[in-house]
Amino acid sequence: MSTDSTTGLLRGGRDRAWALALAAIVGAEFMLQLDGTIVNVALPALQSDLGLSVAGGSWVPNGFLLAFGGLLLFAGRLGDALGHRRVFLAGIGLVVVASLVAGLAPNLEVLIAGRVLQGAGAAVAGPTGLALLAIVFQGERQQRAFGLYSTVTGLGASAGMVLGGALTWAGDWRLSLLVNVPIGLVVVALAARALGVRDEATRSRSLGMPRVPGMPRVPGMRSALLSTAALAAAVYGLVHAADKGWGDRWTLIALGGAVVLAGVLLLADRRAAEPLLPLAVLAGRERAGAFAALLLLAAVLTGFLVYLVQYLQSVLHFDALRSGLAILPFGLALLVSTQILTARIAAVGLKTRALLGLAAVLAGAAWLTRLDGGSAYATDVLAALVVMGLGVGVAIIPLNMIVLTTAPAEYAGVAAGLLQTALTIGGALGLAALLIPLGANGLADGISSMFAWACGALVAALLVAAASWYRPRARD
């Protein structure tokens, strides 16, 4: 067996360090993805227990999302400036403490504070973990690491729905917040052993990590505040649009403010000695196409998972646990895709694989345009879930690799932060935009139109990516 195989990572001193590092990074990603969906399923029970209205309860997921989306860029830059290991461990530690606070919260105020801190910790840990993945692993080992990371991303989201449904069914929503505590402690222990923080130069050599000259300093506070405010305003505006509509005054104020703040940030960054968003990261047609495809794919997948679960519960009358289990084939198909199918087509170029994967997701979404009030899960939903899971697995690895492996090494953290920002903004955009046909027609009659909109977004992703990656040959 090749030493680059996943099992080969466990042999010998250096291979063991690689294995522990990979376990820490993917374990952190599993925890963050789990946290992103587990609370949504437990929300009705949480609202009932604390006596919250729907509007009050909405701040439980939204508090996390605002802090996470707002801090991603700055947190990724912190990893570049202060060291990815230190920042990664600090982020996971903050998630653990915040999960404990939220899980034991006696009232809404403490619960929301805990969720905001969870989002801040996730924003710190997510980009730095992804940057470490791109730096620590090289060659074939890197492709396998990205494959496992992508698998865990999908399985974490699916597991969150199943576990959230099970814990809600068992009658204790607090466990859906406290479950991060033991997972986080294990991740911290693995990361501290494999990555370390006391002698980063020695650890870099033990893991075979390249030294990065000219490490940037922490960017100015003005840029940090501007980026956080711009992203938080954008996320809030999109979340508010999903609840109150695109024409609502606060939706327009938030989105308009986000545009203005982003413009001010770009102007300020042009004059800064250490810009928060270096032009070197933004430049390049390959990365631009991958960023756009990831944003649109995230919009489709987030809306698809949230609204399909609601369709299963409200129209097909599945309970919380059964609806979570009904989504599981998507995660299992993603597992097969990233761990088996991707290895079979490894010889195919990254860009071609990404386009093939997006096309498969489009085929699955097109199948779901047939849904209505009389549809059945086994004949009308299951096959589409499998096809979409396979497609996401084929597409997500090359898209991530195009972004992270083509960015300058000294800006790995900010590139990872931008990647996760695209996913977060895309997810919020999907929740808001895909709600439009549902709001007009209801779940039973509007679900078909919703997936037609999703197909349009996927066609746009295919066209933008192809146009960015392939230029027509000049005629003689």
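**Briefing: two buried polar residues and the aromatic rings**

Setting aside neighbours within four places in sequence, S99 is in contact with Q118, L177, L178, N180 and V181. The model is a predicted one, and the points below follow S99, then Q420, and then the aromatic side chains. Q420 has its own set of contacts, including F68, a residue that also takes part in a stacked aromatic pair with F64.

**S99 and its surroundings**

- S99 belongs to helix α4, which covers residues 84–103, and because its relative accessibility is 0%, where buried means under 20%, this serine counts as buried.
- A polar atom of the S99 side chain lies 2.7 Å from the backbone oxygen of V95, while the contacts of S99 beyond four places in sequence include N180 and V181.

**Q420 and its surroundings**

- Q420 is part of helix α18, made up of residues 412–433, and with a relative accessibility of 8% this glutamine counts as buried.
- Once neighbours within four places in sequence are left aside, the residues in contact with Q420 are E29, F68, L72, G126, P127, L130 and Y149.
- One of these contacts, P127, is separated from Q420 by 293 residues in sequence, yet the two C-alpha atoms are 6.8 Å apart in space.

**Aromatic pairs**

- Across the whole structure, a search finds four aromatic pairs, and one of them joins F64 and F68 in a stacked arrangement, with 5.8 Å from centre to centre and 20 degrees between the planes.
- Both F64 and F68 lie in helix α3 (residues 59–82), where they are four residues apart, or about one turn of the helix.
- F64 counts as buried because its relative accessibility is 9%, and F68 is likewise buried, with a relative accessible area of 14%.
- F68 therefore combines burial with a place in the stacked pair and a contact with Q420.
- Elsewhere, ring pairs link F304, F330 and F451 into a cluster.

**Arginines over aromatic rings**

- R322 is placed over the face of F318, at a distance of 3.8 Å from the ring centre.
- R370 is placed over the face of W367, in this case at 4.3 Å from the ring centre.

Definitions and conventions
Residues are numbered from 1 along each chain as its sequence is written. This is a predicted model: local features need pLDDT of at least 70, side-chain atom pairs count only at pLDDT 80 or more; totals for chains, interfaces and linings use all residues. Side-chain values use heavy atoms; hydrogens and water are left out. Helices (H or I, at least four residues) and strands (E, at least two) are DSSP runs, numbered from the N terminus. Buried means under 20% relative accessible area, exposed over 50%, partly exposed in between (1.4 Å probe, protein chains only). A polar contact is a pair of N or O atoms within 3.5 Å; within protein, one must be able to donate a hydrogen and the other to accept it, and residues adjacent in sequence count only if both atoms are side-chain atoms. Contact means heavy atoms within 4.5 Å. Rings of Phe, Tyr and Trp (its six-membered ring) pair if their centres lie within 6.5 Å; planes under 30 degrees apart count as stacked, over 60 as edge-to-face and the rest as tilted. A charge sits over a ring if NZ of Lys or CZ of Arg is within 6 Å of the ring centre and within 35 degrees of the ring normal.
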